[in-house]
Amino acid sequence: MPVEPIPCAQGGGGEPPGPSCCAPSIATAPLCLEDGTPVVLVLRSACACDGAAPAPPEVAGWLDPATGTLTEGPPPDGAGPCPGDACASVSLLRLCDQTPDGDCVPFLRHLVHDCDGQVTASADTALDGTTPYTPAGEIGDCDDCPCPPRTRVVPLCDYLGPGPQPAVPFLRHVVYDCDTGTVLEQTDTLTDGTTPYLPVGEVAECGACRPTPMCARLLGLSGPEVWEMPEGTESLAVTVACGPVTVTDCTGAATVINECGTSFSWAAPSGDCQPGRLCTPLTVTVPEGAAVYLNLLTPCDLGDVS
């Protein structure tokens with residue numbers, strides 16, 4: 001009868017292990033000695049992970065139903081199939097030993113049954129089915145074991161400015177109560193996982209949407225003046241106070257505006273959580289006697305745009 005899969009080795013990252021991927025590890029089969037005394041053969045199969053086929057079961061030991069004594073190795077000489085009226089059997093229970101040290105140790109209890117199904121003897125072993133185990137604390141269902149603290153490692157970034165750069169990637173190690181989710185302890189390290197790190201800016205997910213801060217600027221120009229729009233400008237509005245004024249775009253096309261009070265505006269669409277950028281160079285030529293107002297949106301750290 002299969003009972004308990006042997007867990008495969010847990011991977012890194014500190015996350016709780018997932019369901020076991022192994023074949024059942026323990027099975028029993030009744031045998032009888034030459035004088036008719038029943039014994040129970042204990043079979044064990046190896047762990048089979050990553051979709052591998054389970055290995056054929058091997059003899060781990062044998063159990064004396066009269067005493068519950070478990071003996072490692074092959075059964076006694078002369079043991080063989082029992083006659084039809086032999087009915088001794090063994091059932092297995094997976095239990096947990098809550099030790100005084102606070103550990104919760106899983107083990108197997110082998111229960112020997114007579115022909116009426118009554119338990120006549122028992123033996124405790126480790127999960128391998130053969131190594132003897134002696135409980136040291138309170139025995140109960142493994143679901144009643146206290147949940148130990150667990151650790152999760154979260155990659156984050158320390159944003160040193162208002163925009164997406166500069167940013168320092170680091171790791172946050174969070175120890176939390178697995179029942180309530182309450183954070184018990186938190187430490188930060190560089191990405192090597194050991195060097196301590198102290199964030200100094202805003203902490204958020206790496207690659208978070210953090211557009212470059214933009215500032216509105218208003219300029220008044222009188223001629224003679226040739227003004228060139230700075231790199232990174234998202235939008236520009238030109239209002240002619242007194243013409244003529246010539247606007248030359250990045251393709252080299254020039255437009256002369258003669259009418260006073262005439263306004264034009266351009267705006268670049270944003271993308272990837274970043275502001276748009278108008279094509280440069282774009283110049284506004286203001287001759288002697290002419291005047292123009294410029295309203296533009298540029299990165300706040302751009303400096304003087306006059």
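Start with the cysteines: a search of this whole predicted model finds 5 disulfides. Three of them are stops on this tour, followed by two cysteines that stay unpaired.

**Stop 1: C96 and C142**

Select C96 and C142. A disulfide joins them, with an S to S distance of 2.0 Å. C96 sits in strand β5, residues 89–98, while C142 is in the loop between β8 (138–140) and β9 (150–159), so the bond ties together parts that are 46 residues apart in sequence. Turn the view to look along the S-S bond. Its torsion is about 95°, so this disulfide is right-handed. Are these two cysteines buried or exposed? C96 is buried, and C142 is buried as well.

**Stop 2: C215 and C300**

Next select C215 and C300, which are joined by a disulfide with an S to S distance of 1.9 Å. C215 belongs to strand β13 and C300 to the segment after β20, so the pair ties together parts that are 85 residues apart in sequence. The torsion about this S-S bond is about 100°, so the disulfide is right-handed. Now show the surface. C215 has a relative accessible area of 26% and is partly exposed. C300 also counts as partly exposed, at 36% relative accessibility.

**Stop 3: C250 and C279**

Select C250 and C279. Their sulfur atoms are 2.0 Å apart and form a disulfide. Here the torsion is about 115°, so the disulfide is right-handed. The pair links distant parts of the chain, 29 residues apart: C250 is in the loop between β16 and β17 (254–257), and C279 is in the loop between β18 (263–267) and β19. C250 is partly exposed, with a relative accessible area of 30%, and C279 is partly exposed at 44%.

**Stop 4: two cysteines without a bond**

Select C242 and C260. Why does neither of them count as part of a disulfide? The cysteine sulfur nearest to that of C242 is the one of C260, 4.2 Å away, and a disulfide needs the two sulfur atoms within 2.5 Å, so this pair does not qualify. The same 4.2 Å holds when starting from C260, whose nearest cysteine sulfur is that of C242. C242 is partly exposed, with a relative accessible area of 31%.

**Stop 5: a four-stranded sheet**

Switch to the cartoon view and colour β14, β19, β16 and β17. These 4 strands form an open sheet in the order β14-β19-β16-β17, with antiparallel pairing. Which strands are at the edges? They are β14 (225–228) and β17, each of which pairs on one side only. From one strand to the next, the twist averages 15°.

Zoom in on β16 and β17. They run antiparallel and are joined by 4 bridges. To find one facing pair, select T248, which stands opposite A254 in β17.

**Stop 6: the largest nonpolar core**

Select W227, L236, V284, V292 and L294. These are the residues with the most contacts inside the largest nonpolar core, which has 20 residues. The elements that give two or more residues to this core are β13 (214–222), β15 (235–242), β16 (245–248), β19 (283–286) and β20 (291–299). In soluble globular proteins, nonpolar side chains tend to be buried together.

Keep V284 selected and display its surroundings. Leaving aside residues up to four places away in sequence, V284 touches E225, V226, W227, V245, T246, V247, V292 and L294. A second, separate core has 10 residues, including V42, L70, L92 and A121.

**Stop 7: a hairpin**

Select residues 167–176, strand β10, and residues 183–189, strand β11. The two strands run antiparallel, and 6 bridges join them. Within the pair, V174 stands opposite Q186 in β11. Together β10 and β11 form a hairpin with 6 residues between them. Look in the turn for G181, which has a positive phi of about 80°.

**Stop 8: the whole chain**

Clear the selection and zoom out. What secondary structure does the protein chain have? It has 0 helices and 20 strands. The chain has 306 residues, and 32% of them count as buried. Among contacts with a separation of 6 or more, 57% are between residues 24 or more positions apart. Show the surface once more to finish: the accessible surface comes to about 17,100 Å², and 55% of it belongs to carbon and sulfur atoms.

Key:
Residues are numbered from 1 along each chain as its sequence is written. This is a predicted model: local features need pLDDT of at least 70, side-chain atom pairs count only at pLDDT 80 or more; totals for chains, interfaces and linings use all residues. Side-chain values use heavy atoms; hydrogens and water are left out. Buried means under 20% relative accessible area, exposed over 50%, partly exposed in between (1.4 Å probe, protein chains only). Contact means heavy atoms within 4.5 Å. Accessible areas come from the Shrake-Rupley method with a 1.4 Å probe; for residues, only the protein chains shown count as cover. A nonpolar core is a set of buried Ala, Val, Leu, Ile, Met, Phe, Trp, Tyr and Cys residues joined through side-chain atoms within 4.5 Å. Two strands pair if DSSP finds at least two bridges between them. Axes are lines fitted to C-alpha atoms, for helices over the stretch in contact, and angles run from 0 to 180 degrees between N-to-C directions.
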